[in-house]
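Me: I have a model open and would like to talk through how its parts fit together. Can we go through it piece by piece?

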Amino acid sequence: MIVFKDPVLSDRAWVEDCFSRSGNQGCEYSFVTLFVWKDVFHQQAARLDGYLLERLRGRLGRAYLFPAGSGPLLPALEALAADARERGEPCRLVCVTPEQRAQLAAVWPGRFTEEEDRDGFDYLYDIDRLADLPGRRLQSKRNHINRFESICPDWSVEEIGPENLAECAAMDREWNRLRRGQPESEEETLADERHALSLAFCHYRELGLSGLLLRAEGRVAAFTMGSPIGPDTFDVHFEKAFSDLPGAYPLINREFARWLRERHPGLRWLNREDDMGLEGLRRAKSSYHPDRMVEKSTVELLDAL
């Protein structure tokens with residue numbers, strides 16, 4: 001049985017190395033994601049022959065992430081299959097991309113089933129499009145920003161750091177207070193996010209996070225933060241804005257894209273993560289017309305038990 005352990009901050013270097021070598025653009029392939037969501041999804045990690053192996057518990061129960069790293073893949077997959085057998089559980093892999101399915105088909109032909117996980121697809125956008133908002137399809141975003149600027153002409157943005165993290169945390173508490181009374185499933189989702197975001201606030205520098213806040217009328221009206229996934233992709237882990245200030249969301253989105261583009265010339269993609277099957281979130285992310293989607297499936301080995 002593989003000895004999986006809870007991730008700790010000192011794991012960051014080797015985990016990020018494995019994720020980088022995997023070449024995957026999905027939000028799961030980020031040390032920040034692994035660390036801040038570890039309590040919600042019971043994520044644990046292990047090292048095996050150049051690979052990171054991750055065990056977690058999601059909507060379908062216990063599962064594994066596709067091995068991240070480099071080297072011969074079959075031993076890592078067989079180790080996961082053996083671990084599942086010893087635990088008396090299915091060998092289930094989640095967030096499997098089409099490229100990974102092709103790798104599975106090469107080493108496990110005919111041995112697995114697959115089911116598309118549309119709710120888990122990540123939305124990827126060209127950073128220049130989000131920074132410049134060109135063309136007719138994004139006219140509505142420019143209109144929303146113009147409205148915000150007319151209401152709050154004194155707006156400004158600031159890099160998130162030790163001097164203003166507490167203000168962001170206070171804004172998040174107020175943002176959540178205003179959303180009390182949501183359906184039970186959404187309340188649970190918000191509670192999980194609050195926990196993950198609290199870890200991000202507590203370990204902001206150690207996790208290598210970068211962020212920006214939007215200030216208007218003397219208060220924090222919005223904030224966003226994220227971290228790199230590989231050399232050309234940046235994962236936007238969290239974004240919050242007050243809905244009583246129309247245009248705050250598209251403005252912080254645009255300003256963050258511009259800020260990142262200036263500081264990281266090699267960036268091409270912003271991963272704004274999945275929509276979790278929430279209709280409003282799917283509509284919002286689709287309204288920016290993603291340039292790419294990180295497609296994902298759930299795969300289960302037929303003869304694991």
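Me: Let's start with two helices: how are α7 and α10 oriented to each other, roughly parallel or roughly perpendicular?
Reply: Bearing in mind that this is a predicted model, the axes of α7 (residues 139–151) and α10 (residues 248–263) come within 8 Å and cross at roughly 105°. Angles of 65 to 115 degrees count as roughly perpendicular, and α7 and α10 are therefore roughly perpendicular to each other.

Me: Which residues of α7 and α10 meet there?
Reply: From α7 the contact takes in Lys141, His144, Ile145, Phe148 and Glu149, and these meet Ala248, Pro250, Leu251 and Arg254 of α10. By class, the residues of this contact of α7 with α10 divide into five nonpolar, one polar and three charged.

Me: OK, on to the sheets. What is the strand order in the open sheet of six strands?
Reply: The order is β1-β2-β3-β4-β13-β5, and the pairing in this open sheet is mixed. Its edge strands are β1 (44–48) and β5 (112–116), each of which pairs on one side only, and the twist from one strand to the next averages 30°.

Me: How many bridges are there between β2 and β3?
Reply: Strand β2 (residues 51–58) and strand β3 (residues 61–69) are paired in the antiparallel sense over seven bridges, and Leu56 has Ala63 in β3 as its bridge partner. Helix α1 (residues 12–22) packs on this sheet, where it touches β1, β2 and β3, with its direction making about 75° with that of β3.

Me: And α4, which strands does that helix lie across?
Reply: Helix α4 (residues 73–87) lies across β1, β2, β3, β4 (92–96) and β13 (297–301), and runs at about 165° to β3. Since over 145 degrees counts as roughly antiparallel, α4 would be described as roughly antiparallel to β3.

Me: Back to the edge for a second: what does the hairpin of β1 and β2 look like?
Reply: The two strands pair in the antiparallel sense over five bridges, with Ala45 standing opposite Glu54 in β2. The hairpin has two residues between the strands, and Asp49 takes a positive phi near 45° in it.

Me: Now the sheet of seven strands: what is its order?
Reply: That open sheet runs β7-β8-β9-β10-β11-β6-β12, with mixed pairing. At its edges are β7 (156–159) and β12, each pairing on one side only, and neighbouring strands are turned by 30° against each other on average, direction ignored.

Me: How do β9 and β10 run, parallel or antiparallel?
Reply: Strand β9 (residues 219–229) and strand β10 (residues 233–241) run antiparallel and are joined by eight bridges, with Phe238 in β10 as the bridge partner of Met225. Helix α8 (residues 165–177) packs on this sheet, touching β8 (210–216), β9 and β10, and its direction makes about 110° with that of β9.

Me: Changing topic, what is the volume of the second largest pocket?
Reply: The volume of the second largest pocket is about 310 Å³. Its lining is made of 20 residues, of which Gly23, Asn24, Thr97, Glu99 and Gln100 lie nearest the centre.

Me: Which elements give two or more residues to that lining?
Reply: Those elements are β3, α5 (98–107) and β12 (292–294). As for character, the lining residues of the second largest pocket divide into eight nonpolar, nine polar and three charged.

Key:
Residues numbered from 1 in each chain as written. Predicted model: local features only at pLDDT ≥ 70, side-chain atom pairs only at ≥ 80, totals over all residues. Heavy atoms only, no water. Axes fitted to C-alpha atoms, helices over the stretch in contact; angles between N-to-C directions. Helix = DSSP H or I, 4+ residues; strand = E, 2+ residues; numbered from the N terminus. Parallel < 35°, antiparallel > 145°, perpendicular 65-115°, else oblique. Contact = heavy atoms within 4.5 Å. Nonpolar A, V, L, I, M, F, W, Y, C, P; charged D, E, K, R; others polar. Pairing = 2+ DSSP bridges. 1 Å grid on protein atoms, 1.4 Å probe; cavity = no way out; pocket = protein on both sides within 12 Å on 5 of 7 lines; lining within 4 Å. Points joined across faces, edges and corners; volume = space filled by probe spheres on them.
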